[in-house]
Amino acid sequence: MKLLRYGTAGAEKPGLLDSTGAIRDLSGIVPDISRDTLLPESIAALRKIDPSSLPRVSGTPRLGPCVGQVGKFICIGLNYSDHAAESGMAVPAEPIVFMKATSCIVGPNDNIELPRGSQKTDWEVELGVVIGKRAKYVTEQDALSYAAGYCVVHDLSERAYQLEGTGQWVKGKSADTFGPIGPWLVTADEVSDCGNLNLWLEVDGHRYQDGSTKTLIFGVPYLISYLSKFMSLQPGDIISTGTPPGVGHGKKPPVYLCEGNVVRLGVAGLGEQQQRVVV
C-alpha cells in the first residue's frame, strides 16, 4: 500500500493511493498515519480494505508529511563511501548517528525556507525507513520485520551551521522545512529489496545526485539493529539512511541553494518530491 496524509498543514487527514493514482480517504478507518496505525496488525487490517469502497478525494489537495507525530528523526551521516570522499572525510568504521528536530518535517512539495542569513543550504536525497513496532536489541537477521515501510526523505543541511564552529550536526539539519518526507509511506511488502533502490536529485533540471542503495556502507538491517542497541525505536520513528554523492558542498566550487531554485528528487518506487526555495 501507499499510505499518505493530505490537506492543510497541521490538519492533514489519512489516506491511501489507489491503483489508478486517486487518493482515497481513510479518516473513517484510522485517525492518522502515525504510531498505532503503523503496527503490523493495523497495516494488515488496512490491507484487507477494498480501496474502491473508500471515499475518493476530489481535486489535487496538498500532500502532507506521509507520517504524523514522528517521535524520532534519526539520520546516518557519510553512509556512502563516495559521498564521504567528496566531503573530504574518512569512511566511518561504524554509523555516524545524528538527529533532526521533528519540527523540520514538512510535506513533499512544500517550500524550502532558507534560514535567516544562510549562505550554504544544501540538498541530500535519502531513503527513509519508517519503524512499525517497538525495536530494542533486535538482531540484524530480524531487523526488517520492524520496518512498516519506506519513504523519500530530503535531508536539507545548512553546511556553515553544521560544520563551522562548535557543537553537533543537528544545528545545521533542523531548520523549519529542512525535512520533507513523502509523498507516500510505501509499506514494506511492496519493497522487495530496500538495498537496491535508485535515488536521484535535480536542481533547476540539472541532475546532481544519481545513486543506489546498493552502495550503502551500512545497510538497512544493520542500521535498525545497530540503533536498537542504544535506544528503543518506536512506531513512527524515521531513520534516514544517508545520501549518495552529488551534494552541493562537494562541488568545486561548492554550489548551494538560492531563492527561486526548484528541487526535484525521488527514490525508485517511493515517489517524487518537488520544492521551491524561498526566503
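Student: Which helix gives the most to the lining of the largest cavity, and with how many residues?

Tutor: Please note that this is a predicted model. As a general idea, rolling a probe the size of a water molecule over the atoms shows where empty space is left. Here, helix 3 gives the most to the lining of the largest cavity, with three residues.

Student: How many cavities of 30 Å³ or more does a search of the whole structure find?

Tutor: The search finds one cavity of 30 Å³ or more. The largest cavity holds about 130 Å³ of space. It is lined by 18 residues, and the closest to its centre are Leu 78, His 83, Glu 124, Arg 159 and Gln 162. Two elements each give two or more residues to this lining, namely strand 4 (73–77) and helix 3 (159–163).

Student: What is the make-up of the lining of the largest cavity by class?

Tutor: The lining has six nonpolar, seven polar and five charged residues.

Student: I should now like to read a sheet. What is the order of the strands in the open sheet of five strands?

Tutor: In general, strands of a sheet pair through backbone hydrogen bonds, either parallel or antiparallel. In this open sheet the order is 7-18-17-14-15, and the pairing is mixed. Strand 7 (112–113) and strand 15 (206–212) are the edge strands, each pairing on one side only.

Student: How many bridges join strand 14 to strand 17, and do these strands run parallel or antiparallel?

Tutor: Strand 14 (residues 198–203) and strand 17 (residues 262–267) run antiparallel and are joined by five bridges. As one example, Leu 199 has Val 267 in strand 17 as its bridge partner.

Terms used: Residues numbered from 1 in each chain as written. Predicted model: local features only at pLDDT ≥ 70, side-chain atom pairs only at ≥ 80, totals over all residues. Heavy atoms only, no water. Pairing = 2+ DSSP bridges. Helix = DSSP H or I, 4+ residues; strand = E, 2+ residues; numbered from the N terminus. 1 Å grid on protein atoms, 1.4 Å probe; cavity = no way out; pocket = protein on both sides within 12 Å on 5 of 7 lines; lining within 4 Å. Points joined across faces, edges and corners; volume = space filled by probe spheres on them. Nonpolar A, V, L, I, M, F, W, Y, C, P; charged D, E, K, R; others polar.
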